[in-house]
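Please open the structure in your viewer and keep the selection tool at hand. This tour proceeds by selections, with a short account of what is found at each stop.

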Amino acid sequence: MDRNDALLADWRQRALALEAEVGLAVIGQARILRLVNTAVFARGHVLLQGDVGVGKTTLLRAFAQVLGGAFARTEGTVDLMPNDLVYYTYISEQGRPAVEPGPLIRHGEDLAIFFFNEINRARPQVHALLLRVMAERSVSAFNREFHFPHLLVFADRNRVEREETFEISSAARDRFMMEITIEPPADDAMRRALMFDPRFHDTDRLVGALQSAMVPHRELNGVAELIQRSVQASQALQDYALRLWRATAEPASFGVTLSDLDTAQLMLAGASPRGMSLLLRAARVAAWLEGRSYVTPEDVQAVFVETIAHRLCYQPVFELHRHEISPRLMAAILAAVAAP
C-alpha cells in the first residue's frame, strides 16, 4: 500500500466515524447521513427539502460540530437584501450608527457550513449573491475580499408554504451538487424516541454532546481531490454514465416510459455537463466510502437521483408538477438504461 492509499484508508475510517457520530443525534436517517457525508467529501453544495421540523438544522449543526469548522445560518424572508448577509447596522450604546459583520463573513476563513433556511423566501438578488459565494467561495465587503476556501452551502426549501416565495432558477439549482429530501423516520421506534426521549428535545445539548472537530476540516479540500484522482472509472462505466446523460434529455429514445405522460414531449433540457461531472464526483466518493478504488454502476445509481433530478428542465406545462414527475422519471431512466 503506497502513501496515498494509506492516507485514503485512514480518512475513510475518519469519515465513517464522523457519519456514525452524527447518527447519534440524527436517528433513523442513515441514507441521508451518507448522502450529506458524500457531499462533504465531494465538496459539493446541497439543497435540502422537507417539511418543517424534520431536523434539517439539527443535521447541519451536527455535521458542523464534528467537522470542527464554524456554522452560520440565515433566514430567508421577503425583505432580505444581499447586504444583510454581509453586514448589519444598528445604533450603538453611544447613540451612533455602527456596522458589524453579517453571518456570511463573521467567521472568515473558518466558515465550514452556511445554512440558508427557506431560500425560496429570499429575492433573486439574494440568490445571485449566494451563487457567487458558492461558485467563487468569496465575497467583497468593507473594501476587501473575503475568502471561504472550506465553505459548503446548504439551503432549504419549505415545500409546504408557497406564499411570498421566489422559486430559485434552474441555473441556480444547477450550482448545487445534490438536492436531498428529508422525511421523518419511518420506524415507529425512532418516532417514539423523537417524541418521548428528552435527549432529542434540547438541540443545543444534543449537538453539543457530539465529539467536536473529529477531522481537521481545513484538510478536506486536499483529501477530496485525492479521492477524485485515486478512484477510477472504467470505460464501461463511462459509457454507462454517458447513456444516462443522454437519457435525461431524450428519455423516449432510450425506451423510458411513464404511464400517463408522453416522454417524447416531456423534456426541455436534460442534465448539464456540470451536473454530470458532479454526479461522477459524488459517485467516486460513494465508492471510496464503500472501500473501493473504482466506481461501480451501483455507486452511480446511489447518487443519481439526488445529483440529477433537480437539474432537469421540463416543458412549461409539466414544470409545475416536477416534484411528482422527477422521482418516477429517475426510476424509469435507471430501469431502462442497461448497466454494465
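The stops below cover confidence, two strand hairpins and three helix pairs.

**Confidence**

Begin by colouring the protein chain by pLDDT, since this is a predicted model. The chain has an average pLDDT of 91, and 97% of the residues score at least 70. Which element has the lowest confidence, and which the highest? The lowest value belongs to β3, with a mean of 82, while the highest belongs to helix α12, residues 297-308, at 98. As a general caution, predicted coordinates should not be read in detail where pLDDT is low.

**First hairpin: β3 and β4**

Select residues 87-91, which form strand β3, together with residues 97-101, which form strand β4. The two strands pair in the antiparallel sense, and 5 bridges connect them. To follow one of these pairings, select T89 and look across to β4, where V99 is its bridge partner. Next, select the 5 residues between the strands of this hairpin. Among them is G95, whose phi is positive, near 80°.

**Second hairpin: β6 and β7**

Now move to residues 138-141, strand β6, and residues 144-147, strand β7. These strands also run antiparallel, joined by 4 bridges. Which residue of β7 is the bridge partner of A141? The partner is R144. The hairpin of β6 and β7 has 2 residues between its strands. One residue to select in this turn is F142, which has a positive phi of about 55°.

**Helices α1 and α9**

Select helix α1, residues 3-22, and helix α9, residues 220-230. Their axes lie 11 Å apart, and the helices pack at an angle of about 120°. The two helices are therefore described as oblique to each other. The crossing of α1 past α9 is left-handed. To display the contact, show the side chains of N4, L7, L8 and W11 in α1, which meet L220, V223, L226, I227 and S230 in α9. By class, this contact comprises 7 nonpolar and 2 polar residues, with no charged ones.

**Helices α10 and α11**

Continue with helix α10, residues 235-249, and helix α11, residues 273-289. The angle between them is about 140°, and their axes are 11 Å apart. The pair α10 and α11 is therefore oblique. Viewed as a crossing, α10 passes α11 in the right-handed sense. On the α10 side, select L237, A241 and W245; on the α11 side, select P273, M276 and L280. What classes of residue make up this contact? The contact has 6 nonpolar residues, and neither polar nor charged residues take part.

**Helices α10 and α12**

Keep α10 selected and add α12. Here the packing angle is about 25°, with the axes 11 Å apart. This angle makes α10 roughly parallel to α12, because angles under 35 degrees count as roughly parallel. The crossing of α10 and α12 is right-handed. In α10, display L237, Y240, L244 and T248; they meet P297, V300, Q301, F304 and I308 of α12. The contact of α10 with α12 has 7 nonpolar residues, 2 polar residues and no charged residues.

To end the tour, select L237 of α10 once more. L237 takes part in the contact with α11, and L237 also takes part in the contact with α12.

Note on methods
Residues numbered from 1 in each chain as written. Heavy atoms only, no water. Axes fitted to C-alpha atoms, helices over the stretch in contact; angles between N-to-C directions. Parallel < 35°, antiparallel > 145°, perpendicular 65-115°, else oblique. Left-handed = near helix turned anticlockwise from the far one by under 90°. Contact = heavy atoms within 4.5 Å. Nonpolar A, V, L, I, M, F, W, Y, C, P; charged D, E, K, R; others polar. Pairing = 2+ DSSP bridges. pLDDT = per-residue confidence, 0-100.
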